[in-house]
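Q: I should like a close look at a single part of this model. Please treat the matter in one connected account.

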Amino acid sequence: MVLELHVWGPAFSLPSIDAQCLATIAYLSLALPKDAWVLVASSDPSVSPTNELPALRNGKTWVSRFRNIVDYLRQYSAGDWDLDAELTGLDRADSIAFTSFLDTQFPPLLALSLYVTSQNYYTSVLPAYSSQILTWPSTWLIPPQIRAAAKRASDHLGLSSLDLVALEEDRKREHSAAVAAGRLPASLPLPKAAPTITSGLATTHRFRMEAVTAAAFEPLAAMLQPAQKNYLLGGDRPTSVDCLLLGYGSLAALGPESLQDAWLGEAMRQKAPRVVEWVRSMQREAGLASLPWRKPERPRWVTVGNTLWNTVADATPIWRDIRANTRMREIVHSQEADLSKEERTALAEYVTGYKKDVWLSVAVVVGGVAALVGYMAHVGLLGGGGEDEEFEEDDEEEEGEVVQPELPVSLNATDFLGSLSL
């Protein structure tokens, strides 16, 4: 059985636009025979039961995420396809530490560079998704979702000002609100934007950028010292953590030829030039230029319908929470999930509590709608409002009546003069 690796499609002269997909591609290229697997740029997470890419398919079995795929290949091949087979106990501890470091430091930086930075997203990333990776209608649906997730993932770094488009929209809204409130005259033009440095950041954020890039690149430069060290853990062959660094480093090192504002690549070349050289060398060793590609299947109407269905479902608040709870419950009961007994127990308890919260939200919404309908029926907004019509008819009758003054039957001059004297 030939294994199928489904990934996000190629971009920027790389076989994938996603770091985890790049790492998985490198691992299979280094560990598996060429005729044992094929690479499919499906760019459709719905092909996997967990709705995630990368996803490895072996018949009816699907495995998602880089670490889970590595563990599955080790078990499936009885250790023959395990790049970490020769690691000692100390090496494995270092591998876990390095993996945790990479997974913590690099995803927020890549999210900032590729998706939050307006120049890069609109001039490079979005066109890549539209012309090379996705097909209709995914081109209109998936990129905004990925960008929104990237903003949430990188918000804690405090560099949201890289999104110049959002900043400009906020300035316009604030100016319009000030004019509407009377604080500013309508004739006063919108003030010019604050000056920015070449990376798109305000000057006050320069030190923040220096700090977050140094926290990621300087430890990496120390890990690959001395210069003759070919791999993170030493030795004479790459391991899984080298593949992970290759995935993250390939996207982080993108230069001006790929991105309009290559601030992350420039920071990497300044702070860790050795890492940039290592990434280029590993790309050649992993054979990323020559891979067993298989043409993806043409999208069918069923696939298009599933894409639209999943997009609507994930955009609906309560429905989205129910789907997320279902996926977490599947992970708890999945045998392929790389979870310890304690982690499974903790996740199961979280899923149970999360499910109760979701259904409580459903009950609150249903109760609120029922209360609103009952109130509308009570005040007569539903059913025609008969009492109001009766009141309106009475008012019309009262308005139509003309009150005539009572006049005396006869009035003589003596009585008239007497009333005047009073």
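Which residues of α4 are buried?

A: This is a predicted model, in which local features need pLDDT of at least 70 and side-chain atom pairs count only at pLDDT 80 or more, while totals for chains, interfaces and linings use all residues. Residues are numbered from 1 along each chain as its sequence is written, and side-chain values use heavy atoms, with hydrogens and water left out.

The buried residues of α4 (buried: under 20% relative accessible area; exposed: over 50%; partly exposed: in between; 1.4 Å probe, protein chains only) are Ser118, Asn120, Tyr121, Ser124, Val125, Ala128, Tyr129 and Ile133. Helices (H or I, at least four residues) and strands (E, at least two) are DSSP runs, numbered from the N terminus. Helix α4 comprises 16 residues, 118–133. Its end C-alpha atoms are only 20 Å apart, whereas a straight helix would reach 22 Å at 1.5 Å a residue; that expected span is 1.5 Å times one less than the number of residues. Val125, one of the buried residues, is also the site of a kink of about 30°, shortly before the proline Pro127. The bend at a residue is the angle between axes fitted to the seven residues ending there and the seven starting there.

Elsewhere, the side chains of Glu4 and Arg294 form a salt bridge at 3.0 Å, N to O (a side-chain nitrogen of Lys or Arg within 4 Å of a carboxyl oxygen of Asp or Glu). Glu4 lies in strand β1 and Arg294 in strand β5, so the pair ties together parts that are 290 residues apart in sequence. Glu4 is buried at 13% relative accessible area, and Arg294 is partly exposed at 30%.
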